[in-house]
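Let's take a quick tour of a protein and the ligand that comes with it. Have the picture open while you read, and look up each spot as it comes along.

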Amino acid sequence: MPLSRVAVQKVGKRFGQHRALVGVDVELAAGEVCALLGPNGAGKSTLVGILSTLVRPSSGDVTYVEGDAARRADDRLRREIGLLAHASLCYGELTAVENLVFFAGLYGVAEPQARAHALLDQVGLDGKARERTVRTYSRGMVQRLALARALVADPSLLLLDEPFTGLDRGGALALGQRLGQARADGAIVVVVTHDLEAIAEVTDHVVILRRGQLVHVEKKRGFTYAELRDVYHRHAD
Ligand SMILES: Nc1ncnc2c1ncn2[C@@H]1O[C@H](COP(=O)(O)OP(=O)(O)OP(=O)(O)O)[C@@H](O)[C@H]1O
Ligand SMILES: [Mg+2]
């Protein structure tokens with residue numbers, strides 16, 4: 001069953017003496033795109049790592065809710081989480097199709113071949129490139145594949161850390177549309193980006209971190225670029 005809500009409560013993360021996150025509270029809801037913003041080193045990727053269950057918080061809790069029931073962080077929960085991180089998490093010696101068929105199999109997705117091609121259509125990885133090994137891909141092509149990989153099991157919690165990096169204009173537009181679709185499908189979406197223009201229109205929820213602390217939260221269904229830039233400059237700079 002899909003997740004309906006995720007509650008981040010008083011989450012802190014230390015790396016030795018360094019406090020990457022301090023007492024962060026965030027509520028994420030189904031059908032909303034959360035833009036997680038802030039300067040370099042603010043703790044955004046750390047928070048995404050914690051939301052993905054790959055990084056353990058030093059303090060506080062993350063509660064994953066399905067319907068009205070809290071879920072434990074086990075394999076069944078992880079199947080609901082799609083992650084695009086800095087590393088593509090794909091195999092260089094395999095083609096795009098082979099990578100997606102592999103991950104589809106891992107998650108028990110029906111008809112892996114058809115699913116692989118449908119996803120590659122969505123992210124706009126063209127027919128010939130699909131059958132080449134991934135290590136021959138350009139930066140943007142790897143990014144497109146990494147996005148397809150994050151979507152393979154139809155996650156209800158989609159975590160995208162700088163997904164626009166390396167994408168050309170067409171790729172960025174397609175990603176914006178895909179985010180709009182995930183939101184319409186009722187997914188919980190978190191996007192970390194420095195590209196305010198690319199994310200503004202589909203943003204429902206702005207969360208700004210600065211030096212590990214939550215400095216601003218604002219909810220509104222869709223922002224203009226000017227509005228989002230203004231919110232960012234008032235709170236993050
Ligand atoms: N594994 C780690 N070991 C030690 N320090 C870390 C580790 N991961 C992150 N940090 C530190 O935690 C802080 C937050 O890092 P994080 O990667 O979450 O920032 P960010 O907001 O994603 O920044 P950017 O916009 O540059 O990607 C930084 O000071 C970073 O050096
Ligand atoms: Mg980061």
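Here is a short briefing on the ligand's surroundings and on two loop residues. Keep in mind that this is a predicted model. The ligand has 13 residues around it, and the two loop residues, D154 and R211, both have a positive phi without being glycine.

**Who sits around ligand 1**
- Among the 13 residues around ligand 1, the ones that come nearest are G41, G43, K44, S45 and T46.
- Sorted by type, the shell has 7 polar, 4 nonpolar and 2 charged residues.
- Two elements, β2 (18-29) and α1 (44-51), each bring at least two residues to this shell.
- The top contributor is α1, which gives 3 residues.

**Polar contacts with ligand 1**
- T46 has a polar side-chain atom 2.6 Å from an oxygen atom of ligand 1.
- K44 also points to a ligand oxygen atom, with a polar side-chain atom 2.8 Å from it.
- A42 uses its backbone instead: an N or O atom there lies 3.1 Å from an oxygen atom of ligand 1.
- On its own, ligand 1 would expose 640 Å², and the protein buries 61% of that.

**Two loop residues with an unusual phi**
- As background, most residues other than glycine have a negative phi.
- D154, in the loop between α5 (139-151) and β7 (157-161), has a phi near 55°.
- D154 counts as exposed because its relative accessibility is 55%, and exposed means over 50%.
- R211, in the loop between β9 (205-210) and β10 (213-219), has a phi of about 45°.
- R211 counts as exposed too, because its relative accessibility is 68%.

Key
Residues numbered from 1 in each chain as written. Chains lettered and ligands numbered in written order. Predicted model: local features only at pLDDT ≥ 70, side-chain atom pairs only at ≥ 80, totals over all residues. Heavy atoms only, no water. Near = heavy atom within 4 Å. Polar contact = N/O pair within 3.5 Å; in protein donor to acceptor, adjacent residues only side chain to side chain. Areas by Shrake-Rupley, 256 points an atom, 1.4 Å probe, with all protein chains shown as cover. Helix = DSSP H or I, 4+ residues; strand = E, 2+ residues; numbered from the N terminus. Nonpolar A, V, L, I, M, F, W, Y, C, P; charged D, E, K, R; others polar. Buried < 20%, exposed > 50% of the residue type's maximum accessible area, 1.4 Å probe, protein only.
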